[in-house]
Amino acid sequence: MIARVEIYPGRYHDSVRLMQVSKALQNVDGVADALVAMATELNLSLLADMGFDPATAADAGPNDLIVAVRADGEDAIAAAHTALDDALTHKVAPSGGLDAPDPKTAGSAAAAIGANVVLLSVPGEHAFVEAMEALEAGRHVMIFSDNVPIEQEITLKRYGGDHGLLVMGPDCGTTIINGVGLGFANAVQPGSVSMVGASGTGIQQMCALLDDAGIGVRHALGTGSHDLSEAVGAAATLQALDALEEDPATDLIVVISKPPADPVADKVRRAADACTKPVVVTFMGETTLEDGAGEVLRALGRPPAEYGSWAAPNDEHRPGFVRGLFSGGTLSSEAQFVAAPVLGAIGRHDGDEGHAFIDYGDDEYTQGRAHPMIDQTVRLERLAAAAEDQAVGVILMDVVLGYGANADPAPELAPLIERAVERGAAVVVSLCGTRGDPQGRDAQAEILNRAGASVYLSNAAAAREAARLGTTRSPA
Amino acid sequence: MSDLSHLLDAEPIVATAGTDMLADSIEQQGSAVSRADWRPPVPGTEEALAILAADGRTRAANETAVARMLAVRPQLVDVTVARDVFPDMTDRTFYHAGPPITWERASGPMRGAIIGAMIYEGLATDPEDAEAQASRGDIDLSPCHHHGAVGPMAGVTSPSMPVAVVDDKAGSGVAYSTLNEGLGKVLRYGAFAPETIERLRWMDSVLGPVLHAVLLRRGPIDLQSLIAQALQMGDDGHNRNRAVTSLFLRELGGALVKGADAPVEQRAEVFRFVDGNDHFMLNLVMAAGKLGSDAASGVPASSLVTVMARNGTDFGIRLSGTGDQWFVAPAPPVDGLYLGSFTEDDASPDIGDSTITETVGLGGFAMAAAPAIVGFVGGTASGAVRRTLAMYEITVAEHPMYQIPMLEFRGTPVGIDAARVVRTGVRPQINTGVAGKVPGTGMVGAGLVEAPMECFTQAVNALAAAVR
């Protein structure tokens with residue numbers, strides 16, 4: 001073993017750096033022990049404790065560098081000195097910028113850009129804490145997440161109401177503010193019609209119909225699927241209605257909701273009646289979105305609209321039940337509302353016999369997978385099965401376009417539609433989209449139509465057509 | 001209130017948490033989005049977080065607590081003797097760092113420091129005698145934090161030791177700390193060698209009285225102003241106190257030179273001692289921190305962390321809204337750099353009250369100010385900056401006086417919110433020294449440690465139980 005102590009006068013390095021350098025020397029093969037340090041009193045005693053002769057550094061002071069190495073031979077000592085030079089002259093490349101780490105909460109993300117809206121799609125059990133923080137910071141909240149306990153929704157909406165903040169959701173799929181869509185939303189032309197809706201696809205269908213009739217949309221405020229429950233009492237719907245009444249650039253207000261519990265419906269009706277602006281209330285289950293859009297046109301002094309449609313190339317089809325394969329809950333229930341008077345009883349569940357309209361966007365079918373508006377896998381499977389099912393004569397399905405939805409749904413559906421038509425089934429598509437949607441509404445329609453489907457921009461019209469086909473050639 | 005005009009008059013500015021798809025689709029429309037890298041909270045805190053959110057007082061309570069923390073103006077007013085300022089201190093009482101601990105559970109450096117202090121106080125003749133008495137229960141142990149005091153590493157404070165008195169120029173609080181012994185074989189790292197005891201005797205016979213006389217002559221020294229200046233000179237206030245110690249010596253200089261109360265040799269010794277110890281000011285920075293920490297205590301529903309402290313066995317925290325309750329978890333090992341041939345095998349788990357610095361926006365929270373010690377954080381200055389930036393996520397304020405040049409003089413992140421810690425999983429990071437685990441060893445290194453999540457999980461649940 002050789003012990004070597006060298007002193008480099010005036011060669012200052014900071015102590016932390018030198019601790020790293022010492023470590024580098026200790027890792028050299030053949031080196032038993034090493035100390036690289038400024039010759040302070042502490043380090044001199046450390047040198048002695050490590051068994052080096054303190055006399056070797058007797059003249060050194062705090063501004064002098066000590067390099068002490070104990071090794072099994074001259075080669076190892078030399079290697080240690082090479083390691084020393086490497087370590088002391090080591091250049092570290094600048095490692096990235098000085099950017100802040102990504103924000104970890106909605107609150108800090110919002111603070112980073114001065115957001116006025118926080119959009120949450122975290123699991124429902126965690127949404128309340130994030131939403132409350134946003135409200136306390138004076139921001140509006142849209143909660144896309146579902147499965148938020150109702151008492152938390154009530155707390156959030158009460159706080160929002162008291163502080164002039166809108167709580168859109170939980171389970172709010174669609175909102176449009178000044179033309180910017182949040183969640184599933186269609187590209188709309190600027191306009192002076194604004195809407196309030198508890199139903200996301202209801203808002204989307206209304207946007208699509210008005211767009212096709214040449215009417216622009218200013219705001220579409222989603223309030224969440226539970227807002228019209230008795231417990232929540234339309235808190236956000238009433239607040240939004242009030243705000244649109246005050247909004248100088250809104251000339252007409254549309255209220256869309258799922259069938260409300262009666263006392264709540266009354267409250268919304270009374271609030272609508274109290275507005276000075278014209279208000280069109282479309283309570284799903286009492287009327288259709290098409291009727292609602294018609295009322296809007298009347299109120300604006302426009303003629304009734306002929307909503308776009310693409311007739312099926314072939315009107316022949318095998319007899320059988322109507323099978324509705326939906327991704328939008330409101331579109332599914334509206335189709336049932338329209339078709340039931342013609343078809344009679346309509347089932348709602350996968351596997352139901354007879355006529356059945358199923359909402360594959362329902363929780364029951366979305367566990368562990370993306371919403372069918374994004375990922376069509378489940379509906380593609382059901383479409384393929386319906387094509388082979390001789391009891392099914394007519395397949396009715398919705399295709400929802402817009403931001404957030406599947407980027408190009410028609411080509412995925414087309415081969416299966418072709419096959420269903422070849423097998424003798426009729427396919428009717430309710431295409432919910434606007435001309436400005438990124439998927440290209442008319443291009444999507446043409447792909448579906450060429451595959452053999454009839455395509456309707458009005459969901460009610462698609463349902464009527466499916467019901468007609470289901471009765472004109474009904475099974476024995 | 002129904003006016004939503006600030007929502008409806010312009011395009012929305014949106015922040016998102018959750019699926020990227022929703023943020024993508026807003027960007028697709030040409031609007032800017034700020035995305036949170038969101039993750040679920042630490043398991044076992046979901047219900048407590050919901051209770052606190054529903055209670056609704058926590059945000060305002062934290063603002064109140066941090067405002068009190070930041071309102072103190074710590075100044076060093078005196079150096080006196082422990083038994084004179086702690087009325088409950090008997091001849092056999094030893095204050096220590098961290099949450100309460102018994103001799104049986106005490107770590108190596110804690111035992112070493114108690115042994116050393118017993119020898120220093122003349123209660124024991126040698127280490128064996130001290131250990132025998134301590135294990136018979138013939139001494140009283142009590143946390144410094146229970147007496148308005150703080151101590152670095154083992155933090156052992158015994159009746160004869162000189163203590164600094166730091167009071168609040170803007171209020172009525174007062175906090176105490178021992179004086180720093182320097183590095184090497186020192187009591188706070190668990191050493192009890194003859195030189196250790198000898199140094200302690202010199203400190204009570206020369207250092208304490210000289211500083212007492214000097215302070216009487218020149219008046220109080222404003223600590224906050226020194227700390228604020230030092231952050232702009234490369235200190236973090238915890239692991240690097242070279243600049244603040246230099247500034248302190250300048251404050252002291254005139255009175256020390258002029259002072260006729262002590263022989264010139266003694267005054268020269270004091271000058272050399274302070275000058276030769278880059279950590280001299282650590283204890284005073286800690287006492288200044290304790291003043292802020294105490295001021296922030298006792299705000300109902302506040303999840304602000306007022307104390308983080310370790311005794312080498314347990315890591316403990318306290319919240320403003322949960323009174324004197326400690327929330328403890330095993331003290332973690334330190335990720336460190338080691339002196340000489342010491343390695344992590346020689347290291348005691350994390351120890352000391354010096355985490356009071358992180359609690360008030362210094363130390364690991366001011367790492368970006370201290371490029372000289374970036375070796376602890378992977379060796380790059382940008383790494384140090386990122387460490388500090390990460391702490392803004394779990395704090396509720398930015399320090400009005402402690403500023404970081406590298407961050408365009410942004411105030412350091414201050415006021416740790418325990419709820420944000422469990423929500424984000426981001427743990428407070430601490431710069432610290434490392435003591436040898438064998439009693440009597442002394443310092444073996446320095447490095448970084450993160451506060452254990454378990455403390456925060458317990459604390460948030462206790463706060464939720466308190467507000468319910």
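**Exercise 1. Follow the sheet that crosses from chain A to chain B.**

Task: Starting from V141(A), identify the bridge partner in strand 6 of chain A, then work out the order of the sheet to which strand 6 of chain A belongs.

Solution.

Step 1. V141(A) has V167(A) as its bridge partner in strand 6 of chain A. The model used here and in what follows is a predicted one.

Step 2. The strands behind this pair are strand 5 (residues 140–143) of chain A and strand 6 of chain A, which run parallel and share 2 bridges.

Step 3. The next task is to cross the chain boundary. Strand 4 (residues 117–120) of chain A lies parallel to strand 1 (residues 14–17) of chain B, with 4 bridges between them. One point of this pairing is V117(A), whose bridge partner in strand 1 of chain B is V14(B).

Step 4. Put together, the sheet is open, has 5 strands and reads 6(A)-5(A)-4(A)-1(B)-2(B), with parallel pairing. At its edges stand strand 6 (167–168) of chain A and strand 2 (33–35) of chain B, each of which pairs on one side only.

Step 5. Helix 4 (residues 106–113) of chain A packs on this sheet and touches strand 4 of chain A as well as strand 1 and strand 2 of chain B. The direction of helix 4 of chain A makes about 155° with that of strand 1 of chain B.

**Exercise 2. Describe the contact between the chains.**

Task: State how many residues each chain gives to the contact, and which element supplies the largest share of the side of chain A.

Solution.

Step 1. Chain A contributes 69 residues and chain B contributes 61 residues.

Step 2. On the side of chain A that touches chain B, helix 5 (residues 124–136) of chain A gives the largest share, with 7 residues.

Step 3. Sorted by class, that side of chain A holds 35 nonpolar, 21 polar and 13 charged residues.

**Exercise 3. Set the two chains against the globule rule.**

Task: For each chain, what is the radius of gyration, and what would a compact globule have?

Solution.

Step 1. Chain A has 476 residues, for which a compact globule would have a radius of gyration near 23 Å; chain A has 35 Å. The C-alpha atoms of chain A fill a box of roughly 110 × 55 × 35 Å along the principal axes.

Step 2. Chain B has 468 residues and a radius of gyration of 23 Å, which agrees with the value near 23 Å for a compact globule. The C-alpha trace of chain B spans about 75 × 50 × 45 Å along its principal axes.

Step 3. Now take burial. In chain A, 55% of the 476 residues count as buried; in chain B, buried residues make up 61% of the 468.

Step 4. Consider contacts between residues at least 6 apart in sequence. In chain A, 73% of them join residues 24 or more positions apart, and in chain B the share for residues at least 24 apart is 73%.

Step 5. For secondary structure, chain A contains 16 helices and 18 strands, and chain B contains 16 helices and 18 strands.

**Exercise 4. Trace the strand pairings around strand 8 of chain B.**

Task: Which strands pair with strand 8 of chain B, and in which sense?

Solution.

Step 1. Strand 8 (residues 174–178) of chain B is mostly covered, with 4 of its 5 residues buried.

Step 2. Strand 6 (residues 149–150) of chain B runs parallel to strand 8 of chain B, and 2 bridges join them. Here A149(B) has Y176(B) as its bridge partner.

Step 3. Strand 7 (residues 162–168) of chain B pairs with strand 8 of chain B in the antiparallel sense over 5 bridges. V166(B) stands opposite A175(B), and a hairpin of 5 residues joins the two strands.

Step 4. Strand 7 of chain B also pairs with strand 3 (residues 74–81) of chain B, antiparallel, through 7 bridges. In that pairing P74(B) stands opposite D168(B).

Step 5. Strand 3 of chain B pairs in turn with strand 9 (residues 221–222) of chain B, antiparallel over 2 bridges; L76(B) stands opposite I221(B).

**Exercise 5. Characterise a helix pair.**

Task: At what angle do helix 9 and helix 12 of chain B pack, and which residues make the contact?

Solution.

Step 1. Helix 9 (residues 223–231) and helix 12 (residues 282–296) of chain B pack at about 115°, with their axes 10 Å apart. The crossing is left-handed.

Step 2. Helix 9 of chain B supplies L223(B), Q224(B) and I227(B), and helix 12 of chain B supplies L284(B), V285(B) and A288(B).

Step 3. By class, this contact has 5 nonpolar, 1 polar and no charged residues.

Technical notes: Residues numbered from 1 in each chain as written. Chains lettered and ligands numbered in written order. Predicted model: local features only at pLDDT ≥ 70, side-chain atom pairs only at ≥ 80, totals over all residues. Contact = placed C-beta atoms within 7 Å. Nonpolar A, V, L, I, M, F, W, Y, C, P; charged D, E, K, R; others polar. Pairing = 2+ DSSP bridges. Buried ≥ 20, exposed ≤ 12 C-beta atoms within 10 Å, placed from the backbone. Rg over C-alpha atoms; globule rule 2.2 N^0.38 Å. Axes fitted to C-alpha atoms, helices over the stretch in contact; angles between N-to-C directions. Left-handed = near helix turned anticlockwise from the far one by under 90°.
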